[in-house]
Amino acid sequence: MSRYYLGFDAGTQSVKVAVYDENMQCVASSSAPTTLTYPHPGWVSMDCEEYLELTVQGMRECARILRESGRDPA
């Protein structure tokens, strides 16, 4: 059975999720833009619930891509 490694990057522009195989080749990836709000001059706000939802959404997308390519996401 192959091993896969799951990585996350939650930044100000987007949340990215990627899956790599044992050779560190990317076999699935997903990216979704994040929302920034500016409640006061000089402030920026990010919604942690949005980041969590986008991360879960990205994991689902990567699992779908893995299944479609004949790989077992389990």
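Contact here means heavy atoms within 4.5 Å. In the protein, 30% of the contacts between residues at least 6 apart in sequence join residues at least 24 apart. The model is predicted, so that local features need pLDDT of at least 70 and side-chain atom pairs count only at pLDDT 80 or more, whereas totals for chains, interfaces and linings use all residues. Residues are numbered from 1 along each chain as its sequence is written, and side-chain values use heavy atoms, with hydrogens and water left out.

The protein contains one helix and five strands, these being DSSP runs numbered from the N terminus (helices H or I, at least four residues; strands E, at least two). Their order from the N terminus is β-β-β-β-β-α. The radius of gyration, taken over C-alpha atoms, is 15 Å, well over the 11 Å that the globule rule gives for 74 residues, so the protein is more spread out than a compact globule. That rule is 2.2 Å times the number of residues to the power 0.38. Along the principal axes, the C-alpha atoms fill a box of roughly 50 × 20 × 15 Å.

Of the 74 residues, 26% are buried, that is, under 20% relative accessible area with a 1.4 Å probe, protein chains only. Within helix α1 (residues 48-68), the buried residues are E50, Y51, L54, T55, G58, C62, A63 and L66. Their cover includes β1 (5-10), β2 (14-20), β3 (26-33), β4 (36-37) and β5 (45-46).

Technical notes:
Buried means under 20% relative accessible area, exposed over 50%, partly exposed in between (1.4 Å probe, protein chains only). The expected span of a helix is 1.5 Å times one less than its number of residues.
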